[in-house]
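Please read the following report alongside the sequence and the model shown below. It deals with metal coordination and then with the packing of helices.

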Amino acid sequence: MVIDILRQEHRNIERLLLVLERELGVFARGERPDYEVVHAVIAYFQVYPDACHHPLEDMVFERLKVRDSTAAAKIGDLAADHRRGAERLRRVAQAVESVLADRELLRQTVNDVIRDFIEKERRHMAMEERDFFPAAVKSLQPQDWAEIAARWTDQRDPLFSDLAEERFEVVRSHILQLEQEAEAERSANAAF
Ligand SMILES: [Fe+2]
Ligand SMILES: [Fe+2]
């Protein structure tokens with residue numbers, strides 16, 4: 001159940017990484033990406049993972065350390081990985097601001113910074129799905145899952161968290177909608 005939630009969140013994250021990747025493709029072709037979309041994706045990543053995803057993963061990881069320290073050691077330092085992800089996102093935001101402010105920044109550098117963020121996020125999620133989640137499913141006991149679920153509900157005001165999850169879904173749909181419109185506009189322009 002907890003792992004199902006985490007997997008679903010990965011799918012949500014991947015949908016937005018794809019949007020960012022498509023806009024990066026436009027930028028790499030020397031055209032102007034839709035900065036409304038780019039900003040919305042960055043804003044989403046600035047809030048969503050730390051609000052919803054990482055705290056739950058961290059709790060599962062804490063239990064895994066107790067149940068199977070070897071498996072946990074193989075996975076490494078999950079919290080540090082999450083911090084590095086946030087750091088890469090800050091670089092993405094700065095790179096985008098530099099472009100918009102017309103500051104000297106090589107297109108290639110901007111491209112590399114955003115590409116690096118997308119790839120490392122994907123690699124991190126792939127590692128979790130390959131190593132972390134199966135190890136947790138294998139080693140955590142029913143009482144661990146019950147405890148995690150209880151702490152998760154305790155930490156989050158149920159009304160607030162339902163509302164927050166709904167809002168994130170609204171934001172995601174909004175971004176996907178904007179992206180569709182941007183794509184439609186680009187193909188209409190290309191037709192001329
Ligand atoms: Fe993670
Ligand atoms: Fe994750």
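## Geometry at the iron ion (ligand 2)

In this predicted model, the arrangement around the iron ion (ligand 2) is irregular, because its 4 donor atoms subtend angles of 79 to 166°. A tetrahedral assignment would need all angles to lie between 85 and 135 degrees, and the range of 79 to 166° is therefore not compatible with it.

The protein donors of this ion are H10 and H53, each through NE2, together with E57 and E128, each through OE, and they lie 1.9 to 2.2 Å from the metal. Along the chain these donors follow the spacing H-x42-H-x3-E-x70-E. Since H53 belongs to helix α2 (residues 35–67) and E128 to helix α5 (residues 107–139), the pair ties together parts that are 75 residues apart in sequence. H53 is buried, with a relative accessible area of 2%, and E128 is likewise buried, with a relative accessible area of 0%.

## The iron ion (ligand 1) and the bridge

The iron ion (ligand 1) is coordinated at 2.0 to 2.2 Å by E57 (OE), H82 (NE2), H124 (NE2) and E128 (OE). The site of this ion is also irregular, with angles of 78 to 169° among its 4 donor atoms, and its donors are spaced along the chain as E-x24-H-x41-H-x3-E. Distant parts of the chain are linked here by H82 in helix α4 (residues 78–100) and H124 in helix α5, which are 42 residues apart; both of these histidines are buried.

What lies between the two sites is a shared ligand residue: E57 bridges the iron ion (ligand 1) and the iron ion (ligand 2), and the two ions are 3.1 Å apart. E128 is listed among the donors of the iron ion (ligand 2) and also among those of the iron ion (ligand 1).

## Packing of α2 against α6

Helix α2, which carries H53, also packs against helix α6 (residues 142–155), with an angle of about 150° between them and their axes 11 Å apart. Angles over 145 degrees count as roughly antiparallel, and α2 and α6 are therefore described in that way. The crossing in which α2 passes α6 is right-handed.

On the α2 side, the residues that meet α6 are A51, C52, P55, L56, M59, V60, R63 and R67. Their counterparts in α6 are Q143, D144, W145, E147, I148, R151, W152 and Q155.

Definitions and conventions:
Residues are numbered from 1 along each chain as its sequence is written. Chains are lettered from A and ligands numbered from 1 in the order in which they are written. This is a predicted model: local features need pLDDT of at least 70, side-chain atom pairs count only at pLDDT 80 or more; totals for chains, interfaces and linings use all residues. Side-chain values use heavy atoms; hydrogens and water are left out. Donors are N, O and S atoms within 2.8 Å of the metal (3.2 Å for Na, K and Ca); water is not among the atoms, so sites may look incomplete. Four donors count as tetrahedral if all angles lie between 85 and 135 degrees; four count as square planar and six as octahedral if opposite donors are over 155 degrees apart and all others between 65 and 115; anything else is irregular. Helices (H or I, at least four residues) and strands (E, at least two) are DSSP runs, numbered from the N terminus. Buried means under 20% relative accessible area, exposed over 50%, partly exposed in between (1.4 Å probe, protein chains only). Axes are lines fitted to C-alpha atoms, for helices over the stretch in contact, and angles run from 0 to 180 degrees between N-to-C directions. Angles under 35 degrees count as roughly parallel, over 145 as roughly antiparallel, 65 to 115 as roughly perpendicular and the rest as oblique. A crossing is left-handed if the near helix is turned anticlockwise from the far one by less than a right angle, and right-handed if clockwise. Contact means heavy atoms within 4.5 Å.
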